[in-house]
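Me: Could you take me through one of the sheets in this model, strand by strand, and show me what packs on it?

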Amino acid sequence: MIRVKDLRVDYDNMCAVRDLSLEVHPGEVCGLIGPNGAGKTTTMRAILGLIEPTYGEIEVLGVDIRDRPEDVHRVMGFMPDLPPVYEDLQVWEFVDLFASSYGIHRRDRPSAVERALDQVGLRDKRTTLTAELSRGMRQRLMLAKTLLPDPRVLLLDEPASGVDPQGRIDLKNILKRLAEEKKTIVVSSHILTEMDEFCTSVAVMERGRMVESGRIVEVNRRIMGDALIAVEILEGVETFHEVLSADDRAGPAQRNRDALEFRFRGDAAAASELLAVLVKRDVRVASFSRRRDNLEELFLKLGSKELS
Ligand code: ATP
């Protein structure tokens with residue numbers, strides 16, 4: 001677990017992070033989001049112990065990083081933005097090189113390398129030259145290297161930046177598996193739509209301050225209100241209204257052109273259950289769309305709130 005309390009970081013005369021408190025639990029993927037210069041990297045560097053806070057407390061797995069920095073470093077893995085790779089090495093050689101620098105014994109290295117490549121889905125690329133990897137694969141290679149010492153806490157700076165949609169799906173699945181292993185994960189990004197896919201919680205930063213934080217669904221609900229569902233019905237409108245009035249998560253439906261729209265206080269899984277009930281009750285549904293939790297929209301709302 002990571003616990004940051006009242007963090008402040010000053011660079012010379014400028015305050016880069018102020019009054020920042022944050023908790024990230026094992027199994028959580030927390031998205032640290034905000035525009036360029038918001039203070040995300042500074043926060044990560046402070047958590048890693050690379051910058052001394054001007055004020056505030058930082059604990060990792062219950063240990064204050066000022067008291068036992070070595071112990072904290074041992075459990076943390078950091079993947080910087082745009083990490084360099086050695087172009088003339090094969091994928092396995094690259095990971096092996098780092099395994100050796102982490103002090104993993106020669107005898108244990110082959111299995112450690114294979115395990116790390118497995119974790120990021122790069123086993124079938126083991127003999128490919130790193131220079132020939134796509135950007136998404138390079139990011140995964142860096143993640144493999146970061147995972148070698150089996151860190152319990154992972155800090156990834158902009159891991160999805162410039163990665164194509166398939167690469168993002170791969171990354172999302174990897175992060176999901178790592179979270180299932182109860183790792184504590186923080187991922188930063190200034191591209192908000194990316195974070196929708198990766199994170200279970202968000203911490204939104206602006207000009208050094210935290211403007212919103214919590215589980216994505218809750219933050220969305222707080223800022224955006226309930227989700228809006230639009231349904232087009234061919235037959236069974238009366239049954240549709242009956243089903244809706246029996247579901248206390250649904251508000252009353254109103255017609256908007258061809259669709260009936262209603263507010264719904266539930267996540268995607270709950271919306272899909274509602275659709276299943278409608279179909280089971282013989283309502284002929286031509287289309288059913290739920291406005292996705294959209295961090296970009298959320299961020300715009302937060303931004304306008306900040307400015308007003
Ligand atoms: P980006 O998305 O561009 O990486 P960020 O949210 O990570 O931005 P930081 O890099 O933490 O933001 O920077 C926060 C503020 O602190 C910015 O105004 C930046 O110019 C300033 N800053 C960062 N590093 C230093 C430094 N070493 N010396 C002085 N000012 C710095």
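Reply: Happy to; here is a close look at one sheet and the helices that lie across it. This is a predicted model, in which local features need pLDDT of at least 70 and side-chain atom pairs count only at pLDDT 80 or more, while totals for chains, interfaces and linings use all residues. Residues are numbered from 1 along each chain as its sequence is written, and side-chain values use heavy atoms, leaving out hydrogens and water.

The sheet is open and has 4 strands in the order β12-β13-β11-β14, paired antiparallel. Helices (H or I, at least four residues) and strands (E, at least two) are DSSP runs numbered from the N terminus, and two strands pair if DSSP finds at least two bridges between them. At the edges are β12 (254–256) and β14 (284–290), each pairing on one side only. From one strand to the next, the twist averages 35°.

Let's start at the β12 edge. Strand β12 runs antiparallel to β13 (residues 259–264), and 3 bridges join them. Arg255 has Leu260 in β13 as its bridge partner. In general, strands of a sheet pair through backbone hydrogen bonds.

Now for the helices. Contact here means heavy atoms within 4.5 Å; axes are lines fitted to C-alpha atoms, for helices over the stretch in contact, with angles from 0 to 180 degrees between N-to-C directions. Helix α9 (residues 237–246) lies across β11 (227–235) and β13, at about 5° to β13. Helix α10 (residues 268–280) lies across β11, β13 and β14, and runs at about 170° to β14.
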